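Thanks, everyone. Let me take you through one structure this morning. Please keep the view open while I talk.

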Amino acid sequence: ELQTARERGTRVTTLLDLWLHETTAELVIGVTGTKGKSSTSLLIAALLTATGRPTEVGGNIGRPIIDLPPDPVVVVEVSSYQAADVSMSPQIGVLTNLGVDHLPWHGSAEAYRRDKLHLFTHPQLQHLVIGQYDDALRAELSDLPGRHHFVGPNGVNAHDGALWRGSQLLTPLAGTELAAPHMARNLATAVTAAELALGRPLTSEEI
């Protein structure tokens with residue numbers, strides 16, 4: 001039915017798209033990806049809150065987007081369905097990883113990936129944080145606006161049971177729920193996004 005409506009020229013949108021155009025928040029961080037959206041969204045909000053920056057989180061997780069107060073920073077978890085129809089990007093985008101999911105709704109792997117990345121195609125995007133690095137994905141993202149920040153050896157990264165900035169130890173993770181490789185990567189992604197929001201590095205104590 002949606003496809004038929006589009007073919008007839010009907011504009012189909014989402015509550016998220018309407019909210020993006022109307023929000024008075026100073027900064028919106030939009031988080032999407034095949035896996036890790038919720039964890040990464042919550043980690044970003046926790047990190048920013050720890051620095052004293054008022055931050056709300058919602059969207060596809062927790063409270064609906066229209067129930068969030070207009071705090072200076074809003075972290076929004078975005079599903080592939082929501083991303084497909086936005087006509088405005090957040091200032092900071094976060095892509096945890098990009099695989100394939102929800103094929104019955106999107107129709108193909110190519111459409112799924114295109115719909116996911118649609119969140120980041122509009123000129124409001126200033127920074128895009130990517131938690132997964134490979135040459136194929138880098139090429140796929142090359143035409144998207146904003147500065148691209150890949151989690152990895154040259155920035156914040158996680159390995160050997162700890163979180164690092166390059167070769168500088170930020171905090172050990174062993175014995176915590178963040179020690180699992182996928183959670184450690186989500187934390188590195190969240191730290192990178194939080195630092196862009198703050199305009200400065202986080203300290204080890206804040207993390």
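**Strands, contacts and side-chain pairs**

Strand β1, residues 27–32, runs parallel to β4, and 4 bridges join the two. This is a predicted model, so please keep that in mind throughout. Look at one position in that pairing. V31 has V94 in β4 as its bridge partner.

Now the other neighbour of β4. Another 4 bridges join β4 to β5, again running parallel. Here I92 is matched with H127 in β5.

Which way do the residues of β4 point? The strand covers residues 92–95. I92 and V94 point one way, G93 and L95 the other. All of these are buried.

Next, β2. It pairs with β3 through 5 bridges, and the two strands are parallel. V57 stands opposite V75 of β3. How enclosed is β2? Of its 5 residues, 5 are buried, so the strand is largely enclosed by the rest of the structure. T55, V57 and G59 point to one side. E56 and G58 point to the other.

Stay with E56, in strand β2. Is this glutamate buried or exposed? E56 counts as buried because its relative accessibility is 16%, under the 20% cut-off. Set aside its neighbours within four places in sequence, and E56 contacts R63, L68, P69, D71, V73, V74 and V75. One of those contacts is a charged partner. R63 forms a salt bridge with E56, with the closest N and O atoms 2.1 Å apart. The arginine sits in another class of accessibility. R63 is partly exposed, at 37%.

D71 was also on that contact list. Where is D71? It is in the loop between β2 (55–59) and β3 (73–77). Beyond residues up to four places away in sequence, D71 touches A25, E26, P54, T55 and E56. For a sense of distance, take I44. It is 27 residues from D71 along the chain, and their C-alpha atoms are 15 Å apart.

Now salt bridges across the whole model. How many are there? The count comes to 5. You have already met R63 with E56. Here are two others.

R53 and E26 meet through their side chains, at 3.8 Å from N to O. R53 is in the loop between α3 (37–50) and β2, and E26 in the loop between α2 and β1, so the pair ties together parts 27 residues apart in sequence. R53 is partly exposed, with a relative accessible area of 22%. E26 is exposed, at 56%. E26 is also one of the residues that D71 touches.

The other is R113 with E140, at 2.6 Å from N to O. This pair links distant parts of the chain: R113 belongs to helix α6, residues 109–117, and E140 to helix α7, 27 residues apart. E140 is partly exposed, at 33%.

On to aromatics. How many aromatic pairs does a search of the whole structure find? The search finds 1. Its members are Y133 and F150. The geometry is edge-to-face, because the planes are 80° apart and the cut-off for that class is over 60. The ring centres are 5.1 Å apart. The pair links distant parts of the chain, with the two positions 17 residues apart in numbering. Y133 lies in the loop between β5 (127–130) and α7 (135–141). F150 lies in strand β6, residues 147–150. Their accessibilities fall in separate classes. Y133 is partly exposed, at 42%. F150 counts as buried, at 17%.

Now the surface. L15, L18 and I66 form a nonpolar patch there. Together they have about 270 Å² of accessible area. L18 is in helix α2, residues 15–22. It counts as partly exposed, at 40% relative accessibility.

One backbone point to finish. Most residues other than glycine have a negative phi. Which way does D160 go? Its phi is positive, about 55°, although it is not a glycine. D160 lies in the loop between β7 (156–159) and β8 (162–165). Buried or exposed? D160 is exposed, at 70% relative accessibility.

That is my tour. Over to you.

Note on methods:
Residues numbered from 1 in each chain as written. Heavy atoms only, no water. Phe/Tyr/Trp six-rings, centres within 6.5 Å; stacked < 30°, edge-to-face > 60°. Buried < 20%, exposed > 50% of the residue type's maximum accessible area, 1.4 Å probe, protein only. Contact = heavy atoms within 4.5 Å. Patch = residues over 30% accessible without salt bridge, like charges linked within 9 Å, V, L, I, M, F, W, Y side chains within 5 Å. Areas by Shrake-Rupley, 256 points an atom, 1.4 Å probe, with all protein chains shown as cover. Salt bridge = Lys/Arg side-chain N within 4 Å of Asp/Glu carboxyl O. Pairing = 2+ DSSP bridges.
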